[in-house]
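Got the viewer open? Here is a short tour, one selection at a time.

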Amino acid sequence: MTRRRLPFLVFVILTHSVAFVLGAYGRAGEREEDPWQAAATFLVSDAYQGFSHSKALGENDRKFGLAITLLNMQPRTQGNLERALKSFDEIAETVPKGEPLNALARFFAARVREFYLPAPDLPGASDAYLALIKESTGNPVIELAAARAVMIATFAEPSAGEQPIERVLALESLEPFLTTPEGRREFHAAMGYALLDLGGDVSKAVDHFLAADRVGYTHKAAAMRLWLVAGAAAAKADRIREALVFYGKMVDTYPNDPRTFTVRQHMKALGDAAP
């Protein structure tokens, strides 16, 4: 798989879509339908047929495209999920490590084990995510594995004597392996949410939210969630300046949102209480 297609994968995963966007890459002057184009426009059946019969794609690219298409084909069946997982595993075994397609196949195999299977294999998915991160691929898609590992650590059933908060805090060691803005943002946001969900150090959660916000979101829902949650956490931690900054960003960016009135009230109360 060429690096030209990666931004479309980044878009879809960063916006938390279950669907996929692999890219529209018709060659100049060609009229033949491109399965990547069909995939990019959510024409799942057309994409499947295109990947099935393509003679232009290499075998592993074709197999990868088919596997992604199977994940999104409706109705979603156990057979299609198993076929997709088998393809991802086979690609990971045949494509050398260090190649983008190897890491992508392993990422999506982990995603299937985490999310798609009726009986998820969360330990297996977490181990795969951690291994990918420690390879420092510099790929923004693959670096989202760090945030996925945090989510699994937050919500997976703990083993005997294990505390979820300790499991999450141990993942702070992943930060040095993250080299892309998207990977760092999603990791820090996930850490902040996890610490709040598990009753951890609220001030530490605010620090993670600040790190995520330094990168920033372009997607409205993600940005607003971060600013609202981070503002409330900062206020709870008596970090009034940071609370006002988070709330102020929401008010300035989305002044006509229905929630802005309440946020302004919070800001006024915080400003009145500030020393």
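Select Asn-80 and bring up its surroundings: leaving aside residues up to four places away in sequence, Asn-80 touches Leu-70, Met-73 and Pro-75. Keep in mind as you look around that this is a predicted model. Asn-80 sits in helix H5, and is it buried or exposed? With a relative accessible area of 13%, Asn-80 is buried, because anything under 20% counts as such.

Stay with one of those neighbours, Pro-75, and show the backbone. Pro-75 belongs to the loop between H4 and H5, and the peptide bond leading into Pro-75 from Gln-74 is cis, with omega near -5 degrees. That is worth a click, because most peptide bonds are trans.

**Zoom out for a moment**

Colour by secondary structure. You should find 14 helices and zero strands, so there is no sheet to look for, given that strands would appear as DSSP E runs of at least two residues. Walking from the N terminus, each element in the run is α. Of the 275 residues in the protein, 50% count as buried. If you switch on the surface, the accessible area comes to about 13800 Å², with 54% of that belonging to carbon and sulfur atoms. For contacts between residues at least 6 apart in sequence, 51% join residues at least 24 apart.

**Helix H3, inside and out**

Next, select residues 44-53, which make up helix H3. Which of its residues are buried? They are Val-44, Ala-47, Tyr-48 and Phe-51. These four span an arc of only 100 degrees around the axis, which puts them on the same side of H3. The spacing fits the geometry: an α-helix has 3.6 residues a turn, so residues three or four places apart point the same way.

Show the helices around that buried side. The buried residues of H3 pack against helix H2 (35-40), helix H4 (59-72) and helix H5 (78-94). Now spin the view around: on the face of H3 turned away from the buried side you will see the exposed residues Ser-45 and His-53.

**Salt bridges**

Time to show the charged side chains. Side chains of opposite charge can pair when their charged atoms come close. How many salt bridges does a search of the whole structure find? The count is 17.

Start with Arg-113 and Asp-89, whose side chains meet in a salt bridge at 2.8 Å, N to O. Arg-113 lies in helix H6 (residues 100-116) and Asp-89 in helix H5, so the pair ties together parts that are 24 residues apart in sequence. Check both ends against the surface: Arg-113 is partly exposed, with a relative accessible area of 23%, and Asp-89 is partly exposed too, at 24%.

Move on to Glu-135 and Lys-97, a salt bridge in which the closest N and O atoms are 3.7 Å apart. This pair links distant parts of the chain, 38 residues apart: Glu-135 is in the loop between helix H7 (122-133) and helix H8 (145-155), while Lys-97 is in the loop between H5 and H6. Glu-135 is partly exposed, at 32% relative accessible area, whereas Lys-97 is exposed, at 62%.

Then jump to Arg-259 and Asp-257, where the closest N and O atoms of the salt bridge are 3.0 Å apart. Here the two partners fall into separate classes: Arg-259 counts as partly exposed at 44% relative accessibility, and Asp-257 as buried at 9%. While the charged side chains are still on display, select Asp-207, Arg-239, Arg-241 and Glu-242, which are joined into one network by salt bridges that share partners.

**Two backbone stops to finish**

Go back to the backbone and look at phi. Most residues other than glycine have a negative phi.

The loop between H7 and H8 holds Ser-136, which has a positive phi near 50 degrees without being a glycine. Ser-136 is partly exposed, with a relative accessible area of 40%.

For the last selection, pick Asp-238, in the loop between helix H12 (220-236) and helix H13 (240-253). Which sign does phi take at Asp-238? Phi is positive here, about 60 degrees, although Asp-238 is not a glycine. Asp-238 is also exposed, at 61% relative accessible area.

Methods: Residues numbered from 1 in each chain as written. Predicted model: local features only at pLDDT ≥ 70, side-chain atom pairs only at ≥ 80, totals over all residues. Heavy atoms only, no water. Buried < 20%, exposed > 50% of the residue type's maximum accessible area, 1.4 Å probe, protein only. Contact = heavy atoms within 4.5 Å. Areas by Shrake-Rupley, 256 points an atom, 1.4 Å probe, with all protein chains shown as cover. Arc of directions from axis to C-beta. Salt bridge = Lys/Arg side-chain N within 4 Å of Asp/Glu carboxyl O.
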